[in-house]
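This report covers internal cavities and aromatic contacts in one protein model. The sequence and structure come first, followed by the findings.

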Amino acid sequence: MFRKKTIVALGLIVTCTFFFTIQYLLKFLPSTEPRLKSNYQKIKEEIYKEFYSLTIKSPTQSLNKTEAFLSNLQDIAELRQLNYEELWLEAEMWPSSKQLTNISSPNVGKVWLALKTAKIVKADVDTRGTQLKFLLTLKGNQQSVFKPQWYDKSRLIEGPVYAGKDRYGSEITAFYLSVLLDKPMVPLSAERTLSLKHDIMPVATKRLLNTSFEINNRTCVYGRCYYCHKEDPVCDDNQNSLTGAVILNVKKSFSNYRSPWQRTYKKGKLAAWETDPDYCKKVKSKLTKKRMFDLIDIAVFDFLIQNGDRHHYETFEDSIVWVDNGKGLGNPYVQHIDILAPLYQCCMMRRKLWLTLQYLAGGTLSRYLKLMPDIQNVLTDAHLTALEERLRLVLATVEYCRKKVGSDYKMN
């Protein structure tokens, strides 16, 4: 009996000792998370140091393709002269390893106009993704995706970088930005105003009709998706209209991959790329050099619009395509530097992109954006200012990399 009591007592002592030791270690030993945050903060401070001392160099190239694109949009033919079948057929031939949209095509303006105005002959819910979208079939048998407006353009989205619903203006800005970067890997996108009551309901599929209802004489739809709920529909306004982004549906098969820089989407839990100082080396060991440069390209693109929701990426002919860009333009007063992690961790960039960014700096970016159709409906002055600041931050990050790795800095 005495031995049994002794064993029990010793067990309690060991258990208590273990418990209090763990508590002591948790309380008094330095935490990993603050150290990781301080490492990121240090990088951020170094980038801003370069930002404030950055000298914008003279333009090294012209924007001839952008000028031609703008001229094309300004010279588009009247609607009655459009041949929808021929335009959609041409657009179907555009996608390649270098583009999704042929911004040099003499018909790109006509396709853009057709996308904005062609009669809707069928409407369905688009069940791809997590948010409400419509899949519209336009006259001439061309499908397009319609992302409705949820917020006013001046609305500030608070919270993490991926917070809130899609911003339709982000899709339109993303397309124009891809034109300016001479990297047209974004599907043709345009602003369009339609009527749920008059344009959608008469040609709606049964499953779309099943998610529609009327309230105060306004037609509403909640769709079918992960975040779709009847309590949170999109509705016509008092004039029976709804504005959004209409995006040309690319008739190609894309391959889908998880982004190496995916977030955890869990508060307080960091991803591997946020904790491992040698993370990029591990990514490089698994991917081709071309894929690495593609990931840097899209990281820069996402940073400019502040899309921090690139958890997966898609490819066509082994090139990353820039699709699903609705989570940008959340808050122009906050710059999430960590979107640039692929750049400041890997310190590599295509020379063509670097030269283009240099040319766009110093006000050229916003000057050209202001010339794009309908841009005033989706971008505020604060957003334009933020885009200019982010562009300088990208160039500052390149300078940070030059000093960090010296001759090992890679530009191809």
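A cavity here is a set of grid points where a 1.4 Å probe fits but cannot get out, and its volume is the space filled by probe spheres set on those points. The model examined is predicted.

**Cavities**

Two cavities of 30 Å³ or more are present in the structure. The largest cavity encloses about 220 Å³ of space. Its lining consists of 18 residues, and those closest to the centre are S259, W261, D302, R310 and I339. Helix α10, which spans residues 289-305, gives the most to this lining, with four residues. By type, the residues lining the largest cavity are eight nonpolar, five polar and five charged.

The second largest cavity holds about 90 Å³. Its lining is made of 14 residues, with A91, E92, L248, N249 and V250 nearest the centre. Helix α4 (residues 84-93) gives the most to the lining of the second largest cavity, with three residues. The lining of this cavity divides into nine nonpolar, three polar and two charged residues.

**Aromatic pairs**

The whole structure contains 14 aromatic pairs. One of them joins Y226 and Y227: the ring planes stand at 90°, over the 60 degrees required, so the pair counts as edge-to-face. The ring centres of Y226 and Y227 are 4.8 Å apart. Both of these tyrosines are exposed.

Another pair is formed by F301 and W322, whose planes lie at 25°, under the limit of 30 degrees, so this pair is stacked. The ring centres of F301 and W322 are 4.4 Å apart. F301 belongs to helix α10, while W322 sits in the loop between β11 (319-321) and α11 (341-346); the pair therefore ties together parts that are 21 residues apart in sequence. F301 and W322 are both buried. Helix α10 thus appears twice in this report: it holds F301, and it gives the most residues to the lining of the largest cavity.

Elsewhere, Y48, F51 and Y52 form one aromatic cluster.

**Arginines over aromatic rings**

Which arginines lie over the face of a ring, and at what distance from the ring centre? The table lists R291 and R402 with their partners.

| Arginine | Ring | Distance from ring centre |
|---|---|---|
| R291 | Y257 | 5.1 Å |
| R402 | W354 | 5.2 Å |

Key: Residues numbered from 1 in each chain as written. Predicted model: local features only at pLDDT ≥ 70, side-chain atom pairs only at ≥ 80, totals over all residues. Heavy atoms only, no water. 1 Å grid on protein atoms, 1.4 Å probe; cavity = no way out; pocket = protein on both sides within 12 Å on 5 of 7 lines; lining within 4 Å. Helix = DSSP H or I, 4+ residues; strand = E, 2+ residues; numbered from the N terminus. Nonpolar A, V, L, I, M, F, W, Y, C, P; charged D, E, K, R; others polar. Phe/Tyr/Trp six-rings, centres within 6.5 Å; stacked < 30°, edge-to-face > 60°. Buried < 20%, exposed > 50% of the residue type's maximum accessible area, 1.4 Å probe, protein only. Lys NZ or Arg CZ within 6 Å of the ring centre and 35° of its normal.
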